[in-house]
Amino acid sequence: MNWRYRHTVLTLCMLAFFVTYFARLAISPVVPLIIDDFGVSNTAVGVALSGMWFAYGLSQFPSGILADRYGERRVILVAVGGTTAMSLLLAAVPVFPAFVLAAVLLGLAAGLHYAVATTLLSRTFDDLGTAVGIHSLGGPLAGLIAPVAATWVGVRYGWRPGVALAALVGVPIFLLFARRVRPAEPRRPEQPMTERLRLGPLFELVGRREILVPLAVATLGTYVAQGVISFLPTFLVEFRGYSPGFAGGVFSAFFVVRAGAQVGLGRLSDRVGRDASIAASLLGGALGLASLVALPDLVRLPVAVGLPALPTTVGLGVAVLLAGLGSSFFSAIDPRFMDALGDAERGAGFGLIRTVYTVIGSAGSVGVGLVADLFGWGASFALIAGLAGVSFLVISANALAGRGR
């Protein structure tokens with residue numbers, strides 16, 4: 001296949017997403033070091049991470065409006081450049097309240113990218129699920145590299161250099177995107193931005209049944225995914241007793257699975273339908289998270305039929321495989337939203353949808369941290385396993401009722 005300009009755009013959008021994801025993921029593996037340095041609790045760090053994800057979601061809606069007014073290229077450049085700058089600021093803060101503020105600013109900058117890039121890709125790709133899946137690879141690729149790199153640097157030099165690693169990838173990708181991606185014609189360059197903020201049309205859009213049901217599913221799924229991404233390494237260290245280095249390696253494996261699953265689910269959603277793909281992902285997530293909690297019982301299951309127990313690493317691998325599948329549902333559900341929106345609605349409309357489910361779902365970080373502080377890590381991860389199961393039941397019921405896609 002000849003390399004076309006649209007593939008250049010897709011690749012660079014993926015790399016831009018890699019930057020915005022890398023910056024956020026570099027924090028999770030060094031959470032224990034941050035807690036020790038500032039002398040705060042899991043809940044306090046969860047508040048900071050939830051604030052970051054809340055801001056990430058909040059900026060999705062205005063990003064769509066800004067893209068309609070000024071074009072997608074400018075907004076993506078601001079996202080990549082702002083993320084890079086905020087990562088450096090986060091690494092330099094002297095006190096924990098400043099850490100929280102810097103995390104929020106990082107989320108605001110990073111959140112400008114995803115909805116705008118998806119809208120840009122919808123202009124040129126008919127198989128949008130496949131394109132979104134490839135674009136979403138930027139997240140898992142960051143997950144493959146960021147945890148290992150941040151852990152290695154953090155253990156040796158402290159959490160601040162680990163967090164600042166995002167600048168090393170952010171600067172070259174910013175320059176490459178600026179050089180190789182041409183400006184796109186804005187969709188609504190003359191429309192006053194105040195007209196886009198009228199509440200009536202916004203409530204009407206998210207209240208449509210074809211959007212409302214998957215929006216509820218996306219919100220629950222995001223809550224689960226945020227909790228896993230924020231605290232999986234800490235869960236493995238504190239609940240399972242693994243070393244930080246091993247936990248960081250497992251976290252990277254989680255994102256390897258997620259990388260393949262996102263591309264596969266995006267393509268599957270183009271072929272067999274969005275809801276079936278979403279349901280398969282969420283069911284896998286529910287089973288995987290439950291298996292992480294019940295790992296000792298999982299590896300002993302073969303004993304009940306006279307077989308030797310499984311090695312713990314095998315059970316852990318199965319659990320991580322399913323949990324990675326569960327967090328990949330975005331590559332099927334985001335195209336589902338785009339299918340339900342008209343061409344003129346896709347900029348601000350998809351940004352609004354992303355804001356709703358990401359803002360509410362961002363509570364997953366503080367929720368998981370709070371439950372862990374109150375009841376332990378087992379209860380905390382068992383709860384999000386149950387929420388993944390509820391999401392699976394909702395999307396499955398919607399499909400069986402003949403209202404799916």
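The second largest pocket in this structure holds about 150 Å³ of space. Bear in mind that this is a predicted model. Alongside that pocket, a search of the whole structure turns up three cavities of 30 Å³ or more, and the largest cavity comes in at about 170 Å³. Helix 1 (residues 5-25) is worth following through the notes below, since helix 1 helps line the second largest pocket, supplies residues to the lining of the largest cavity and packs against helix 11.

**The second largest pocket**

- Its lining is made up of Tyr5, Arg6, Val9, Arg73, Leu120, Leu121, Arg123, Thr124, Val181, Arg182 and Ala184.
- Two elements, helix 1 and helix 7 (114-122), give two or more residues each to that lining.
- Helix 1 has the largest share, at three residues.
- Sorted by class, the lining has six nonpolar residues, one polar residue and four charged ones.

**The largest cavity**

- This cavity, at about 170 Å³, has 18 lining residues, and the ones nearest its centre are Tyr21, Tyr56, Arg258, Phe330 and Arg354.
- At least two lining residues come from each of helix 1, helix 3 (42-58), helix 13 (209-238), helix 14 (244-272) and helix 19 (346-361).
- Helix 13 chips in the most, with four residues.
- The class split of this lining is nine nonpolar, six polar and three charged.

**Helix 1 against helix 11**

- Two packed helices are described by the angle between their axes and the distance between the axes.
- For helix 1 and helix 11 (residues 166-180), the angle is about 155° and the axes sit 9 Å apart.
- The two helices are therefore roughly antiparallel, and their crossing is left-handed.
- On the helix 1 side, the contact uses Tyr5, Thr8, Leu12, Cys13, Leu15, Ala16, Phe18, Val19, Phe22 and Ala23.
- Across from them, helix 11 brings Ala166, Val169, Gly170, Ile173, Leu176, Phe177 and Arg180.
- That contact breaks down into 14 nonpolar, two polar and one charged residues.
- Tyr5 does double duty here: Tyr5 is part of the contact with helix 11 and also lines the second largest pocket.

**Helix 13 against helix 14**

- Both of these helices help line the largest cavity, and they pack against each other at about 140°, with axes 8 Å apart.
- That angle makes helix 13 oblique to helix 14, because the roughly antiparallel label needs an angle over 145 degrees.
- The crossing of helix 13 and helix 14 is right-handed.
- Helix 13 puts Val228, Ile229, Leu232, Pro233, Leu236 and Val237 into the contact, while helix 14 puts in Pro244, Ala247, Val250, Phe251, Phe254, Phe255 and Arg258.
- Twelve of the residues in this contact are nonpolar, none is polar and one is charged.
- Arg258 is one to click on: Arg258 takes part in the contact between helix 13 and helix 14, and is also among the residues nearest the centre of the largest cavity.

**Helix 15 against helix 21**

- Helix 15 (residues 274-293) and helix 21 (residues 377-400) pack at about 160°, and their axes are 8 Å apart.
- Helix 15 and helix 21 are therefore roughly antiparallel.
- Helix 15 goes past helix 21 in a left-handed crossing.
- By class, this contact comes out at 16 nonpolar, six polar and one charged residues.

Note on methods:
Residues are numbered from 1 along each chain as its sequence is written. This is a predicted model: local features need pLDDT of at least 70, side-chain atom pairs count only at pLDDT 80 or more; totals for chains, interfaces and linings use all residues. Side-chain values use heavy atoms; hydrogens and water are left out. Axes are lines fitted to C-alpha atoms, for helices over the stretch in contact, and angles run from 0 to 180 degrees between N-to-C directions. Angles under 35 degrees count as roughly parallel, over 145 as roughly antiparallel, 65 to 115 as roughly perpendicular and the rest as oblique. A crossing is left-handed if the near helix is turned anticlockwise from the far one by less than a right angle, and right-handed if clockwise. Contact means heavy atoms within 4.5 Å. Ala, Val, Leu, Ile, Met, Phe, Trp, Tyr, Cys and Pro count as nonpolar, Asp, Glu, Lys and Arg as charged, and the others, Gly among them, as polar. On a 1 Å grid over the protein atoms alone, a cavity is a set of points where a 1.4 Å probe fits but cannot get out, and a pocket is an open set with protein on both sides within 12 Å along at least five of seven lines; lining residues have an atom within 4 Å of a point. Grid points are joined across faces, edges and corners, and a volume is the space filled by probe spheres set on the points.
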